Amino acid sequence: MRYQPLSFLNIPYSLKSLPLNGHFDFDEIHHAASDFGNRYQFLPLAVLHPKSVSDIATTIRHIWQLGPGSELTVAARGHGHSLQGQAQAHRGIVVNMKSLSGLKMHTYTGKHPYVDVSGGELWINVLHETLKYGLAPKSWTDYLYLSVGGTLSNAGISGQSFRHGPQISNVHQLEVVTGKGEVVNCSEKKNADLFYGVLGGLGQFGIITRAIISLEPAPKMVKWIRVLYSDFATFVRDQEHLISAEKTFDYIEGFVIINKTGLLNNWRSSFNPQDPVQARQFESDGRTLFCLELAKNFNPDEIDIVNNVRHVMINQSSAIVLIRYSNF
Ligand SMILES: Cc1cc2nc3c(=O)[nH]c(=O)nc-3n(C[C@H](O)[C@H](O)[C@H](O)COP(=O)(O)OP(=O)(O)OC[C@H]3O[C@@H](n4cnc5c(N)ncnc54)[C@H](O)[C@@H]3O)c2cc1C
């Protein structure tokens, strides 16, 4: 069927006529013109709240058929935690991926466990679901209120990346709605160009509607260590040593602390504030400090072995060390 060119004024009518399970909103659009960066505000023409993958495919196919004359752009929006308007579409269509997050997650146990999730799902929900099976994704971001599609369009980096790679290296398969509105499954072996284009593709090669993500057994307990350095060379030497060591931590991440009070106060609160000796160690006098955050996963019966791990690995003479144990 050939579509006639539409004027911009007619586009809303054409969108409203599409057979969808979800709906377009042309009025409540302001939230789609903001993001975490709070620097760019591009109002879309409409927000699509899809209830199914076919809603997204139908919409994009329609826009493709309208042709470039419509000048409609499309942006998927996960949790809107971009900094520079990446999930916004000026006078275009923003696809609210969270509407899809109600689609059921499926966790598969066995030798090579994985979870099959919607692209709009938040990582925190993926964690809660997979923990029911004693499993967890291998690679994380620090902050878990981000969407699966949102971080897979970037990279998804955290303290497990040195071992497992970023989140985009732990995906078996994707379901993607392409720029022509086709729904395509892709993986390393099938439609590999699309797979590698979409992973880390900043939303420019298609919309991720489902992802199959590799899992591993979740630890029962975690020994969590923060090490604070004033000397950059020692900080880097320790970090490189820990990352390349054979028997090392399960999570290693380095930070530069330039915040004069906030983060250090947060650290200080981890100690007994009544203890002046400990509290004094966190005076930064406005200097830049460096922090290693480390975690060792273990089972409760391994606690003695785990207790020795830091003594072997960290140059303690030039660092302040804070340790905690947590149930996972
Ligand atoms: C407080 C905070 C903490 C963060 N911590 C980390 C961290 O520890 N590690 C890390 O790696 N990053 C981190 N980030 C960066 C974050 O991973 C990216 O900003 C990510 O894109 C945000 O996910 P989102 O769901 O909010 O995506 P959005 O901001 O909604 O979208 C980001 C981009 O992805 C596209 N997109 C969204 N969903 C899809 C989809 N389903 N299919 C295709 N494209 C899509 C959008 O169009 C846009 O281009 C952090 C950001 C913030 C604000």
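## Close-up views of the ligand site

**View 1. A ligand nitrogen meets the backbone of Ile 208.** In this predicted model, a polar backbone atom of Ile 208 lies 2.8 Å from a nitrogen atom of the ligand. Taken alone, the ligand exposes 950 Å², and the protein buries 85% of that.

**View 2. Oxygen atoms of the ligand at Ala 76 and Ser 82.** Here are two more polar contacts to look at. At Ala 76, a polar backbone atom is 2.7 Å from an oxygen atom of the ligand. At Ser 82, the partner is an N or O atom of the side chain, 2.4 Å from a ligand oxygen.

**View 3. The ligand in its pocket.** Zooming out a little, we find the ligand in the largest pocket. Strand E3 (74–77), helix H4 (148–152) and strand E10 (207–217) are the elements that each give two or more residues to the surrounding shell. The largest share, three residues, comes from H4.

**View 4. Who lines the shell?** The ligand has 28 residues around it, and Ala 76, Gly 78, Ser 82, Ser 147 and Ile 157 come nearest. By type, the shell holds 10 nonpolar, 16 polar and two charged residues.

**View 5. The ligand between two domains.** Both domain 1 (8–97) and domain 2 (103–217) give residues to the shell, so the ligand lies between them.

Terms used. Residues numbered from 1 in each chain as written. Predicted model: local features only at pLDDT ≥ 70, side-chain atom pairs only at ≥ 80, totals over all residues. Heavy atoms only, no water. Near = heavy atom within 4 Å. Polar contact = N/O pair within 3.5 Å; in protein donor to acceptor, adjacent residues only side chain to side chain. Areas by Shrake-Rupley, 256 points an atom, 1.4 Å probe, with all protein chains shown as cover. 1 Å grid on protein atoms, 1.4 Å probe; cavity = no way out; pocket = protein on both sides within 12 Å on 5 of 7 lines; lining within 4 Å. Sits in = over half its atoms within 2 Å of the grid points. Helix = DSSP H or I, 4+ residues; strand = E, 2+ residues; numbered from the N terminus. Nonpolar A, V, L, I, M, F, W, Y, C, P; charged D, E, K, R; others polar. Domains from an automatic or database assignment.
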